[in-house]
Amino acid sequence: MAPFIGTLMKKPVFRFCLTTCLVLGTVLPVLARETIATRPILPADYSSIRIFDREGRFVARIPAERRYWVPINRIPQFLQNAAVAIEDARFFEHGGIDLKGITRALVKDVMQGEMAEGGSTITQQLIKNKHLSGEKTIDRKLREARLAMEYERKYTKKQILEMYFNEIYYGNGAWGIAQAALLYYDKRPDQLTDDECALLAGVSKAPNRYNPRGNTTKVKARRNLVLSRMAELGMITQKRKQALAARPVTSVKSGQSSYYLAHLRNKLVQQYGEKVFERGGLQVIAAMDLLLQKSAEQTLSEQVRAISPDLQGALLCLDPGTGDILAAAGGVDFKQSAYNRALFAKRQPGSAIKPLIYAAALEKSHTAAELWNDDPVSYRRSDDKIWQPQNYGHERQGQVSLREALAHSNNIIAVKLLEAISAPYFADFAGNLGISLRSRNDLSMALGTGEVTLNELVAAYAPLANGGLKVQPRTIIKIYDRRSKTWTRTPAPRTPVMSGATAFITTQMLRDVLTHGTAKNLKKFAEHYPAAGKTGTTSDYRDAWFIGYTPKLVTGVWVGYDKPRPGGRGFTGGAVSAPIWERFMRSALARHPAASFKQPESVISLAIDPTTGMPATTACPVTRNEFFSIGSEPREYCTAHAGDPLQELPPSLELPDIESLLIQGDEQNSVGEPPETVGDEVPDEDTDPQPPTDNPAPSP
């Protein structure tokens, strides 16, 4: 027997047990009495903010960020019983430490040859979480025991249980039962079911392993052990135990769509103030399409990282009829960088700005059939230096139509066209589309030297897709307040900014970009889906863009480095961004039937001779159809090829007053639902050598 006692004396737990027995009768220092609730009480009607997408699919919850206290009378009795059963069956009998439990731990200690953690009472666990560290030393255990006995003298058992539930750790950053219930089940503790209570009661032994989001097999086994202990102690019947043990392990989904969700958080703070999340009770219907958002995040991340691990990117998809932002991926990895480049990063758009210049020119009676040349031109800058714009690769196209100039992103013709309509006029036109250009008199605007966000540029393309109406980008459709049972809606205003004819003709010009222009690698896509778009690449290949659209979706892609630097020759919008756009759009359009751009009644189609841009005759060797706004069509037949008219010209009309057309469009679109319409390395891009820079919800 003596050798065994000697062995015991060497064991830390035995020495702890002996020391504890010696101090049981001593006078302990009295701690300063403190109130039980050390944090604000969880409101009895609290519910987290819940986010749903436009189709009613659950996206995420935004629970209160602060820790709350829950009184014992709002903690289910089943949860109290379950915790006692699995953690401290003699809780209501001992005075803070359980000698029988310590004895069991001693035996385990002897068998394992190390200091065991067993034998701790609920009171001791409370002390450890509230006052001490988790180090396994005799000194810490003695302090824990002394404080536990002191707590038993100062507080009732129910008070100790209340403190225990509000102090222990439940994994994944959840401290206390209030955070745990909200995090894992989106409930207040008093709303927890019996099987949820049993699961949470078993978490404290190993919070990172046994929390509801852990390995399902291990978590279920732990929960069922809790139920078995309750049955052994007569707290539940065997039948009840079996029924609860048969239930699956569940928890609410963690947050998803991080970039979009972070923006929604900011919008809610702007609208309701900093305490909106503590107040809770809101149900937000976001403009997001959850399936498109997931596709955007995955597509952008995979495609950009395949190019270079250091690259960043952004993708934004917008409904041109409403302005709803359906998807917004602000980077390749939210955990690495939460900065939303889709909404906030300002970069030079390069030639992605050109379609807006051409649209502005159409509004001033220019036509897609007009012939322009790209002979070199020089301009004297304000600093008296000479600027001579160049085409990509310094190639020349000679005399071409505006349609071909846009398809192949001719820099020189774009600058000449901007000069013809005047830079201030275009600056005002772009401003009406939501793009603010700082240098109103700078012709280098034609090459995209101003800075825009992806969100602004995508929204500026929306009128081209929807018939000429500016829409306001929207991320929240409506919000339901569960307390007041009221809805708050975000309006979706639509304002005419160009004629329907201009929008349609510009779109038809941009369709050529995908078939034989700077994004001709999208030709197969364009054969299946009516689509239009434009590439953009900035000087030294620093930014690669593609903004493209169908009648129902406008999607933009930007790729570049956060700290701008050249991506190398070939780092162009056509080669880099267009393929990302295509992959996303194929997925997006797979769920929607193909739709065509609707031709307005104010647009006519004429057969022209492309070499002259004039209505064709029977003698013209080559003809093609071109679109004109009624009244802007050329009135003289082709002078290069004498012959009979190939088709009759419409009656001569005065060019419609633009303002009256906009008013008519406003009257047609101001009420009701939004309109329904709405390859090789060719000299792919448009860079110019250093152009001057002045630099499920309830239904309402």
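Which residue in S12 does Tyr 480 stand opposite? Select Tyr 480 and look across to S12: the residue facing it is Trp 487. Keep in mind as you explore that this is a predicted model.

**Stop 1: the hairpin.** Now widen your selection to strand S11, residues 476-481, and add S12, which runs antiparallel to S11 and is joined to it by four bridges. Together S11 and S12 make a hairpin, with four residues lying between the two strands. Pick out Lys 485 in that turn: its phi is positive, at about 55°.

**Stop 2: the whole sheet.** Next, bring in the other strands. S11 and S12 belong to an open sheet of five strands, ordered S2-S1-S3-S11-S12, with mixed pairing. Colour S2 (58-62) and S12 (486-489) to mark the edges; each has a single partner strand, so one side of each has no neighbour in the sheet. As you step across from one strand to the next, the twist averages 20°.

**Stop 3: the other edge.** Move over to strand S1, residues 49-52. Here S1 and S2 run antiparallel, with four bridges joining them. To see one pair of bridge partners, select Arg 50 and then Arg 61 in S2.

**Stop 4: a helix.** Finally, leave the sheet and select residues 500-516, which make up helix H21. Try a distance from the first C-alpha of H21 to the last: the 17 residues reach 25 Å, close to the 24 Å expected at 1.5 Å a residue. Is H21 mostly covered or mostly exposed? Mostly covered, since 13 of the 17 residues in H21 are buried.

Key. Residues are numbered from 1 along each chain as its sequence is written. This is a predicted model: local features need pLDDT of at least 70, side-chain atom pairs count only at pLDDT 80 or more; totals for chains, interfaces and linings use all residues. Side-chain values use heavy atoms; hydrogens and water are left out. Two strands pair if DSSP finds at least two bridges between them. Axes are lines fitted to C-alpha atoms, for helices over the stretch in contact, and angles run from 0 to 180 degrees between N-to-C directions. The expected span of a helix is 1.5 Å times one less than its number of residues. Buried means under 20% relative accessible area, exposed over 50%, partly exposed in between (1.4 Å probe, protein chains only).
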